[in-house]
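Here's a walk through one protein model, strand by strand and bond by bond. Have your viewer open and follow along.

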Amino acid sequence: MEKYLFNDGTNGTREVQSKEELQELIISMNHPETARIWIFSSHEWISYTAFIKQYPSFITKIKPVSTIREYTQLPRSANGKRWLKKFLFFTGAAVGIFLVFNFTKIKWEKTAPVTVIAPRPDNVPVMDIDSLIYAIEDAREENLDRSTKTNLRIRNNWPDRIQLQLNSDREISTAGTRYSNMEVLIDNSTGYNIDNAVVRLTIWKDKKPNHTDTLNFNNISYSGVAKRSVNNTYRGDSLSLSFQSIRAKGFNFCYSAASKNNSGNYNDRWFCIGGQ
């Protein structure tokens, strides 16, 4: 007769005198996987799973391994319902977030690009240079040389020779207008190189300046168009740009948007020696 020791984890260790008695103990358990069995011939405790592998004849009377459930606080059906509730909750939340994001996301629609040309500054009035030259020559009783006449014309009517332009992509949405991929251009047709120019770019919203950027240009040739890219994206109602200052020693020229007169002489208000 083979003997066993049996421990189900709750009632302590019991001595079992036969296979039949061991079978009855295991069958009566709710959780056979917690059982530990000592086979006297092996001199060690083994699990229920290891026991039935060694003694497959027990399978006909003992619950198969495949039917053993892991020890949990809830039955399998309750776990399934809980899992389903979690799945439905997270799925619903994900769908809700997607719908909210989709309906609240601003949708921008590309429209025609915009081109802005800087207007003539208020502190640079249009002058009749021919009348001015005649008055100067009459007062001096001598003719002005050709270079002096040319430079006088350029300094007093420089907005006709130095043109400032902005090109920009434009998009519209319910949130307003957005500007991007901007390019600022200076077309210098004075016949002289311009040493330096400072440009102000202004974004307007509700008829007020919303943002201002400053761009510096150096060594602007008269043989081509100077270009500068603006990588920022702006939102607003409109754009404007203007020269803040220009310096060109080639024709003794110094312009400032903050001044009404640079030289003290309103007949030649932007004259300066060497562009200083």
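What follows covers a sheet, a longer run of strand pairings, a disulfide and a surface patch.

## Before we start

Keep in mind that this is a predicted model. Residue numbers start from 1 along the chain.

## The four-stranded sheet

Let's begin with the open sheet, which has four strands in the order β2-β1-β3-β4, paired antiparallel. The edges are β2 (13-16) and β4 (44-47), each of which pairs on one side only. If you look at how neighbouring strands sit against each other, the average turn is 30°, direction ignored. As general background, strands of a sheet pair through backbone hydrogen bonds, and the pairing can be parallel or antiparallel.

Now for the bridges. β1 is joined to β2 by four of them, running antiparallel, and four bridges also link β1 with β3, again in the antiparallel sense. On the far side of β3 (residues 36-39), another antiparallel pairing with β4 is made through four bridges. In that last pairing, Trp38 stands opposite Trp45 of β4.

## A closer look at β1

Which residues of β1 are on its covered face? Strand β1 spans residues 4-7, and Tyr4 and Phe6 make up the covered face, while Leu5 and Asn7 are on the uncovered one.

Phe6 is a handy residue to click on, with a bridge partner in each of two strands. In β2 the partner of Phe6 is Arg14, and in β3 the partner of Phe6 is Ile37.

## Strands β5, β6 and β7

Further along the chain, strand β5 (residues 109-117) and strand β6 (residues 162-173) run antiparallel and share seven bridges. One pair to pick out here is Ile117 with its bridge partner in β6, Gln165.

β6 also pairs with strand β7 (residues 176-188), antiparallel once more, and here there are 11 bridges. How many residues does the hairpin use to join β6 to β7? The hairpin gets from β6 to β7 through two residues. Within this pairing, Arg170 stands opposite Tyr179 of β7.

## The disulfide

The structure holds one disulfide. In general terms, that is a covalent bond between the sulfur atoms of two cysteines. Here the partners are Cys254 and Cys272, with sulfur atoms 1.9 Å apart. Cys254 belongs to strand β13 (residues 253-256) and Cys272 to the segment after β13, so the bond ties together parts 18 residues apart in sequence.

Which way does the bond twist, right-handed or left-handed? The torsion about the S-S bond of Cys254 and Cys272 is about 75°, so the disulfide is right-handed.

Are the two cysteines buried or exposed? The cut-off for buried is under 20% relative accessible area. Cys254 has 2% relative accessibility, so Cys254 counts as buried. Cys272 has 5%, so Cys272 counts as buried too.

## A nonpolar patch on the surface

Finally, head for the surface. Trp83, Leu84, Phe87 and Leu88 make a nonpolar surface patch of about 460 Å².

Take Leu84 as a sample from that group. Leu84 sits in helix α3 (residues 76-104). Its relative accessible area is 43%, so Leu84 is partly exposed; that label covers values between the buried limit of 20% and the exposed limit of 50%.

Note on methods:
Predicted model: local features only at pLDDT ≥ 70, side-chain atom pairs only at ≥ 80, totals over all residues. Heavy atoms only, no water. Disulfide = S-S within 2.5 Å. Buried < 20%, exposed > 50% of the residue type's maximum accessible area, 1.4 Å probe, protein only. Pairing = 2+ DSSP bridges. Axes fitted to C-alpha atoms, helices over the stretch in contact; angles between N-to-C directions. Patch = residues over 30% accessible without salt bridge, like charges linked within 9 Å, V, L, I, M, F, W, Y side chains within 5 Å. Areas by Shrake-Rupley, 256 points an atom, 1.4 Å probe, with all protein chains shown as cover. Salt bridge = Lys/Arg side-chain N within 4 Å of Asp/Glu carboxyl O.
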